[in-house]
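Here is a walk through one protein model, meant for someone who is looking at it for the first time. Keep the 3D view open and turn it as you read.

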Amino acid sequence: MHHTSKLPNVGTTIFTVMSQLAAKENAINLSQGFPNFPSDPILIEMVQQALRENYNQYAPMPGAVILREAIAEKMEYLYQKTYNPATEIVVTAGATQAIFTIVSAFVRPEDEVIIFTPAYDCYAPAVEAHGGKVVPIQLQGKAFSVDWDEVRSKISSKTKLMIINTPHNPSGTVLSKADMLELSSILEDTNIILLSDEVYEHIIFDGEQHQSAALFPKLAERAFITASFGKTFHNTGWKMGYCVAPKELMDEFKKVHQFNVFSVNHPMQIGIGKYLKNPAHYLQLPAFFQEKRDFFLHAIKDSRFTWTPSQGTYFQVLSYDNITNELDTEFAKRLTRENKIASIPLSVFNTNKEDHKLLRFCFAKTEETLEKAATILNKI
């Protein structure tokens with residue numbers, strides 16, 4: 001028997017490909033975005049305590065009350081925006097499940113969804129699995145800036161959803177306040193839903209403020225904001241995230257969520273809920289990761305790679321214009337095989353696989369790992 005799925009053209013993701021190659025070649029893996037240092041022992045203890053206290057049955061469908069309340073406090077504290085923990089916050093199995101569920105709840109066949117490329121690779125398949133049509137807008141140049149006139153021109157009566165991501169993976173750039181105001185004015189008289197992927201909200205550098213959709217009333221009224229505790233608290237394997245949205249949007253989200261996962265890991269929700277009560281646990285993150293970014297960039301200052309320092313996320317994009325004309329996919333594989341360092345080529349996320357000779361390196365690593373990586377990069 002031969003059956004074609006709804007995603008016939010999707011292969012293994014570049015993250016899996018490069019991580020498998022790194023393992024096979026025994027290379028330093030700066031490709032997949034995960035920290036190689038432990039979570040805070042205080043958080044681990046809080047989760048262990050929740051396990052011992054027997055929070056081992058189903059959590060409430062939208063999430064443990066303590067955690068939803070802590071998320072509401074955080075949104076109020078950081079963005080002066082009130083979300084009702086009872087009706088406007090849902091805890092999810094990572095941000096990826098939140099994103100898929102949002103698309104599932106709203107996107108019908110032939111609906112158009114605008115995404116900005118290079119785009120994180122879960123957006124388009126979610127849209128395509130539901131019969132939607134991806135309308136890509138390529139970010140401009142090595143600064144990855146948005147051409148807002150192009151955005152205006154791509155909006156049609158069929159546009160159901162727009163997905164933005166700031167701080168942006170894979171480029172490490174951020175949307176400015178001016179960008180968000182421009183977006184707000186473009187969407188104002190439409191029925192378009194905004195999905196704002198803000199998983200790196202706490203990893204932003206050089207004194208910049210994260211421009212959450214929650215800060216802009218005309219965006220917030222139409223926005224789902226997705227976030228990730230895995231990214232924030234160095235435990236990507238826990239797959240814990242959440243989303244917030246106005247009640248009328250969240251009501252529709254819950255209809256899908258309750259028949260998809262229903263609820264997520266209960267003891268971890270209790271532990272994170274307690275941990276989140278102390279804002280210091282996320283307020284210290286920009287300085288923590290900026291130190292790693294600066295350490296890495298200082299260590300490779302004499303290499304032939306060129307760069308603009310990452311503005312957010314724990315990724316640094318390096319240009320290899322001065323080194324070779326190879327395709328980024330080929331160069332990334334060769335570096336893994338011959339030089340024993342793995343990265344992610346950016347073309348795989350671009351419209352028409354545009355190749356700008358850029359590789360993405362994850363710097364959420366110990367200084368020891370970053371130093372070893374720099375030693376290799378300096379010889380290339």
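What follows goes from the empty spaces to the helix pairs and ends with a few odd spots in the backbone. Bear in mind that this is a predicted model.

Let's begin with the gaps. Rolling a probe the size of a water molecule over the atoms shows where empty space is left. The largest pocket that turns up here has a volume of about 1,300 Å³. Its lining takes in 46 residues, and the ones nearest the centre are Phe-15, Tyr-120, Asp-121, Cys-122 and Phe-349. If you'd like to trace the wall by element, look for those that give two or more residues to it: helices H1 (14-25), H4 (94-106), H5 (123-129) and H9 (229-232), along with strands S3 (112-117) and S4 (133-138). What sort of residues make up this lining, by class? There are 21 nonpolar ones, 18 polar ones and 7 charged ones.

Now for a closed space. How many cavities of 30 Å³ or more does a search of the whole structure find? The answer is 1, and the volume of the largest cavity is about 30 Å³. To find that cavity, pick out the residues around it: Lys-74, Glu-201, His-202, Ala-227, Ser-228, Phe-229, Thr-232, Phe-233, Tyr-242 and Leu-276. Strand S7 (223-228) and helix H9 each put at least two residues into this lining. Sorted by class, the cavity lining has 5 nonpolar, 3 polar and 2 charged residues. You've met H9 already, as it also gives two or more residues to the lining of the largest pocket.

Next come the helix pairs, and H4 from the pocket wall is a handy place to start. It packs against helix H10 (residues 247-260) at an angle of about 110°, and the two axes are 9 Å apart. H4 and H10 are therefore roughly perpendicular to each other, and their crossing is right-handed. On the H4 side, the residues that meet H10 are Gln-97, Ala-98, Thr-101, Ile-102, Ser-104, Ala-105 and Phe-106. H10 answers with Leu-249, Glu-252, Phe-253, Val-256, His-257 and Asn-260. By class, that contact has 7 nonpolar, 5 polar and 1 charged residues.

H1 is another helix from the pocket wall, and its partner here is helix H14 (residues 328-339). Their axes come within 9 Å and cross at roughly 20°, so H1 and H14 count as roughly parallel to each other. The crossing of H1 past H14 is right-handed. Val-17, Met-18, Leu-21, Ala-22 and Glu-25 make the contact from H1, while H14 brings Ala-332, Lys-333, Thr-336 and Arg-337. This contact has 5 nonpolar, 1 polar and 3 charged residues.

For one more pair, turn to helix H3 (residues 65-79) and helix H11 (residues 266-275). These pack at an angle of about 35°, with their axes 8 Å apart. Is the crossing of H3 and H11 left-handed or right-handed? H3 passes H11 in a left-handed crossing. Here Ile-66, Leu-67 and Ala-70 of H3 meet Gln-269, Ile-270, Ile-272, Gly-273 and Lys-274 of H11. Counting classes gives 5 nonpolar, 2 polar and 1 charged residues in the contact.

Last, take a look at the backbone itself. Most residues other than glycine have a negative phi, and most peptide bonds are trans. A few places in this model go the other way. Asn-26 isn't a glycine, yet has a positive phi of about 55°. You'll find Asn-26 in the loop between H1 and strand S1 (28-29). Then there's the loop between strand S5 (159-165) and helix H7 (177-187), where Pro-167 sits. The peptide bond from Thr-166 to Pro-167 is cis, with omega near -15°. Pro-170 has its place in the loop between S5 and H7 too, and the bond that leads from Asn-169 to Pro-170 is cis, with omega near 20°.

Definitions and conventions: Residues numbered from 1 in each chain as written. Predicted model: local features only at pLDDT ≥ 70, side-chain atom pairs only at ≥ 80, totals over all residues. Heavy atoms only, no water. 1 Å grid on protein atoms, 1.4 Å probe; cavity = no way out; pocket = protein on both sides within 12 Å on 5 of 7 lines; lining within 4 Å. Points joined across faces, edges and corners; volume = space filled by probe spheres on them. Helix = DSSP H or I, 4+ residues; strand = E, 2+ residues; numbered from the N terminus. Nonpolar A, V, L, I, M, F, W, Y, C, P; charged D, E, K, R; others polar. Axes fitted to C-alpha atoms, helices over the stretch in contact; angles between N-to-C directions. Parallel < 35°, antiparallel > 145°, perpendicular 65-115°, else oblique. Left-handed = near helix turned anticlockwise from the far one by under 90°. Contact = heavy atoms within 4.5 Å.
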